[in-house]
Amino acid sequence: MELTVYLAGQIHDDWRNQLKEKAAKKDLPIHFVGPQENHELSDDIGENILGQQPDKVYRDDAASSINNFRTQVLLHKSDAVIALFGESYKQWNTAMDASAAVQLHKPLILVRPKTLIHPLKELSNQADVTVESIDQAVEVLEYLYT
């Protein structure tokens with residue numbers, strides 16, 4: 001049984017590649033999807049498709065609508081979601097994606113360090129599983145196949 005897992009979270013470091021490598025080492029039959037990881041393309045996509053916008057507000061709005069479309073399609077097609085909250089970046093998109101997963105009744109693994117227990121307590125309570133590391137998230141996935 002191959003699963004599709006949506007990886008929600010910031011796109012500024014390589015946590016997704018680390019998670020994918022760990023899953024591959026365990027030979028887990030999982031296809032991973034997620035937001036556009038090319039930050040420049042993500043920011044430019046609205047103007048790339050719709051043409052130059054009159055100012056930054058419209059530029060961001062155009063990109064946001066297309067990125068949201070991508071996210072909705074991939075979330076709907078996913079069997080599960082892993083949402084990673086770290087300490088280095090603002091996590092608004094992660095919170096939005098994790099909340100969407102809850103609303104869509106997608107099984108959700110929330111990854112957050114101990115320092116974020118309090119600010120994420122409500123979301124953690126809605127997740128199916130809350131862990132503190134990507135290693136633990138991969139172990140949860142591995143348990144599906146044992």
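How many nonpolar, polar and charged residues are in the lining of the second largest pocket? By class, that lining has 7 nonpolar, 4 polar and 4 charged residues. The model is predicted. The points below cover its two largest pockets by volume and two separate nonpolar cores.

**Largest pocket**
- The largest pocket holds about 740 Å³ of space.
- It is lined by 26 residues, and the closest to its centre are His39, Ser42, Asp43, Asn67 and Asn93.
- At least two lining residues come from each of α2 (39–50), α3 (56–77) and α4 (92–103).
- The biggest contribution to this lining is that of α3, with 8 residues.
- Sorted by class, the lining of the largest pocket has 13 polar, 7 nonpolar and 6 charged residues.

**Second largest pocket**
- The volume of the second largest pocket is about 180 Å³.
- Its lining has 15 residues, and Asp13, Leu84, Phe85, Gly86 and Glu87 are the closest to its centre.

**Nonpolar cores**
- In soluble globular proteins, nonpolar side chains tend to be buried together.
- The largest nonpolar core has 19 residues, of which Val5, Leu19, Phe32, Ile82 and Leu141 touch the most other members.
- Two or more residues of this core come from each of β1 (3–8), α1 (15–25), β2 (30–33), β3 (80–84), β4 (108–111) and α6 (134–143).
- With 4 residues, α6 gives the most to this core.
- Leaving aside residues up to four places away in sequence, Ile82 touches Val5, Tyr6, Leu7, Ala8, Trp15, Leu19, Ile109, Val111, Ala137 and Leu141.
- A second, separate core has 18 residues, among them Val81, Ala100, Leu120 and Ala127.

Notes. Residues numbered from 1 in each chain as written. Predicted model: local features only at pLDDT ≥ 70, side-chain atom pairs only at ≥ 80, totals over all residues. Heavy atoms only, no water. 1 Å grid on protein atoms, 1.4 Å probe; cavity = no way out; pocket = protein on both sides within 12 Å on 5 of 7 lines; lining within 4 Å. Points joined across faces, edges and corners; volume = space filled by probe spheres on them. Nonpolar A, V, L, I, M, F, W, Y, C, P; charged D, E, K, R; others polar. Core = buried A, V, L, I, M, F, W, Y, C linked by side-chain atoms within 4.5 Å. Buried < 20%, exposed > 50% of the residue type's maximum accessible area, 1.4 Å probe, protein only. Contact = heavy atoms within 4.5 Å.
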